[in-house]
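I set out to record the overall build of this chain and then its main pocket. My entries follow the display.

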Amino acid sequence: MMREQGLVSFSILALVALGMMVGGGQAAIGMPPEAAPLIRHFYKVHNTCANVEPFVRHQVQLVYANDKTVAPKLIKLLYADCMVNGCDASILLDGPNTEKTSSKARGLAAFVLIDKIKQVLEARCPGAVSCADILNIAARDAVYFSGGPSYPVFLGRRDGLESNAAWVDFPSPSMSWESTLAYFESKGLDLQDMVTLLGAHMMGRVRCSNILDRLYNFNNTGKPDPSMEPSTLTYLRAECPQKVKLGQPNPLINLNPSNPTHKFTNSYYSRVLDNKSVLGIDQQLIYGEDTHELTDEYAASLEDFKLGFAFSMSRMGGLKVLTGTKGQIRVNCRMVNK
């Protein structure tokens, strides 16, 4: 069941957990246990790169000015990193059979932006800032530029030495809410994190191949998903024909058709309640008592969703992190140091 203290108490807890204070050196409450060594202003405290966050934010802002899709791209890239082998920047590594070569990782982007940020930081603070921290800061900044919260990012991650395509185990876009929850819990997150982080589908795009089953052959019935609102079904079928012509690319559509400019919004949750979700995994949120309750809360309040999103992004950013002498600080995010 949902937490008895309700949203107001949850909001206070989340504020405390995120450490929304001015001082440096304070660890986060409510984060995964392995994230305990992460602190605010890590590079300032250790006098290794005091201005890392302004440097990163400037580079993200330059790209965002011309490409609003950089926000969902960075959120997706961070999710792809943290939910596989922890937030160790292993998703960034090039090479045969690395995570980014997995068919499940197809469509990931923003690698070039991370490369650019790393080049800027290496010129100013050589060998100091990890690629894993860069990715967490950049995702936060992109969220902010899209109209979302600017939450504190706890720093001190180090970069992993390995990457394996076999590790990639993202849930199916048609998975039930129960199976999706089991997946999130296996990574160290909970129901609140699941409902909140699925809200990232408020923006971004998806290939039509991920929803053809809902549109034309739901559960092998030869018919569309009967739960889908009729006008949404008509729209999506027009965007995603059952078969494409030979040589024609797999079409890209907006995950949230009501948000073509990829702004931070809670309309994702309203669409779930109205049976207008694009992905089956999103529509599933109305079928669990707790997931439905939190969906209602977020649909009713953008501010509550912002707060919850900041909290769950921070928790995800603390999964299985490498700190201290583990891993390394890569010079190039695409390869381990020689």
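I began with burial: a residue is called buried under 20% relative accessible area, exposed over 50% and partly exposed in between, with a 1.4 Å probe and protein chains only. By that rule, 55% of the 338 residues of the protein chain count as buried.

I noted that this is a predicted model, in which local features need pLDDT of at least 70 and side-chain atom pairs pLDDT 80 or more, while totals for chains, interfaces and linings use all residues. Residues are numbered from 1 along each chain as its sequence is written, and side-chain values use heavy atoms, without hydrogens and water.

I looked up the secondary structure next: the protein chain has 14 helices and two strands (DSSP runs numbered from the N terminus; helices are H or I with at least four residues, strands E with at least two). I found a C-alpha trace spanning about 60 × 50 × 35 Å along its principal axes.

I checked contacts (heavy atoms within 4.5 Å). Of those in the protein chain between residues at least 6 apart in sequence, 74% join residues at least 24 apart.

I then turned to the largest pocket (on a 1 Å grid over the protein atoms alone, an open set of points where a 1.4 Å probe fits, with protein on both sides within 12 Å along at least five of seven lines; lining residues have an atom within 4 Å of a point). Its lining has 38 residues, with K76, R106, H201, R205 and V206 nearest the centre. Elements giving two or more residues to this lining are α4 (70–85), α7 (177–187), α8 (191–198), β1 (205–207) and α14 (302–316). The largest share, six residues, is from α4.
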